[in-house]
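Colleague: I'm new to this one and would like a close look at a single part. Could you pick one helix and walk me through it, along with the contacts around it?

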Amino acid sequence: MRDRLAAAFATYLNRRMLTLLALGFSSGLPAPLVFSNLSIWLRDEGVSRTDIGLFALAATPYAINFLWAPLIDHLRLPWLTDRFGRRRGWALATQIALIGAILWMSYSAPAQHLWMMAVATLLVTTASATQDIVIDAYRIDSLTPEQYGAGSAVAIWGWHLGGTLVGGAGGLLLAGQFGWQASYQILALAVLVGVLAILASPEPVRAIPRRVAEEEAAVRARLAGRLPAGAAAVAAWLYNAVVAPFAEFMRRDGWLLVLVFVFVFKFGDAMLGRMSGVFYRELGFSLETIAEVSKVYGFAANMVGVFLGGVLAARIGVLRALFVAGFLTAATNLTYSALAVVGQQKWMLAVAVVSDSFTTGLVTVAFVAYLSGLCNVAYTATQYALLASLGNLSRIWLSASAGYMVDRLDGDWATFFTFTAGLALLGLPLLLWLMRRFPSHVAARGASGAGEGAPAA
């Protein structure tokens, strides 16, 4: 037993995992700045609930970043790519842009210039969504398929260190002491954690599957025989960068069902998350209490859930783990309905937050590992961005109606959260179908991307 525990922990104790932890921190940090904390800041400034809900639309880049993900896979940046490599060069570029965008956001005044705050938020989400493409590709390229579970857990731990603990709880505490603008300025500098991690880490080596390399070479040869040299080179680059990643994915059995499942799976949780901060404030909880319970206690529960989520996926398989965790996640939404009935009771706030955070940790590890396993190493950034973007699409676009829904319910939060529990169950029947029709989907990457290959340029 002791040897098993030692082997399990040894998986996490290496420099590669430490890098993924720091990059996860940098990826998670902007999330509360454009979601939960921003909602509280806007409410404190007197912005209506409907307008707060509409701010979710500024996070659209998280849902469509697959559109420019091919650039991350194929476009070289001047000097940065030659000096640091393709993944590290792009990571540094996006992190510098993110720091600048958060600083601009900190100088916005939502009460006087709400549109300026919306534009600043859009810049932050664009830089952050692009950084996510790079970080996810770096993680997948750096690991073997056997390490995806551990790598996903470490990345999620890092995400919550940055997003829940530092950006979320730390941001609220800083805002309570120094004001919202100072809070955002300090957190902009925290992105340097990711910058330092990239500077201290090696560029991953991508071994392109031989079949993919042969297909791309055949495309170049066909175009070279039909077009002038310059035009043929451009057309081949565009095909291999933009068309090939999606064409390869669409040749797989059940690909459309996978996309639909990814889209609907976390819809209910997104509706809850969009308005939870507003809900806490309307119940009368202080920023300090929200930081303590929602961020610190919730963070601890989530970390336990992440660890057990990895264990659950290893024991019963990724798809079964997704089903169990998805059902539990829907059930814990009902604890927020209970909090709405009980009112301003800290103990009930803790029950709601801890239970929801725990089940979120369970489900996220299996979900991220599943998406990672679907990516062909030749198109890691593009295919993972496509899958992750679909998951974000319902969270961002559809959850924009959350504030309007609460207003239409005349502030009946208990009914609203009961409705979100029902929405959280939408993906489970489709998941059962996938489990029966395509039980080996989690091995899709091995089927589509395995094979001998050479390091990518």
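Modeller: Sure, let's take helix H10, residues 114-142. With 29 residues at 1.5 Å each, H10 should span 42 Å, and its end C-alpha atoms are 41 Å apart, so the two agree. (The expected span is 1.5 Å times one less than the number of residues; helices are DSSP runs of H or I with at least four residues, numbered from the N terminus.) Before going on, keep in mind that this is a predicted model, where local features need pLDDT of at least 70 and side-chain atom pairs count only at pLDDT 80 or more, while totals for chains, interfaces and linings use all residues. Residues are numbered from 1 along each chain as its sequence is written, and side-chain values use heavy atoms, with hydrogens and water left out.

Back to H10: 22 of its 29 residues are buried, so the helix is largely enclosed by the rest of the structure. Here buried means under 20% relative accessible area, exposed means over 50%, and partly exposed is in between (1.4 Å probe, protein chains only).

One residue of H10 to look at is Asp141, which makes a salt bridge with Arg87, their closest N and O atoms being 2.9 Å apart. That contact links distant parts of the chain, since Arg87 sits in helix H9 (residues 86-106), 54 residues apart from Asp141 in H10. Asp141 and Arg87 are both buried. They also belong to a network of salt bridges that takes in Asp73. A salt bridge here is a side-chain nitrogen of Lys or Arg within 4 Å of a carboxyl oxygen of Asp or Glu, and the count by that rule is 8.

For a contrast, try two other pairs. Asp44 and Arg281 form a salt bridge with their closest N and O atoms 3.2 Å apart. Asp44 belongs to helix H4 (residues 36-44) and Arg281 to helix H17 (residues 267-283), so this pair ties together parts that are 237 residues apart in sequence. Asp44 is partly exposed at 37% relative accessibility, and Arg281 is partly exposed too, at 28%. The other pair is Asp82 with Arg76, whose side chains meet in a salt bridge at 2.7 Å, N to O. Asp82 counts as exposed, with 61% relative accessibility, while Arg76 is partly exposed at 43%.

How values were computed:
Helix = DSSP H or I, 4+ residues; strand = E, 2+ residues; numbered from the N terminus.
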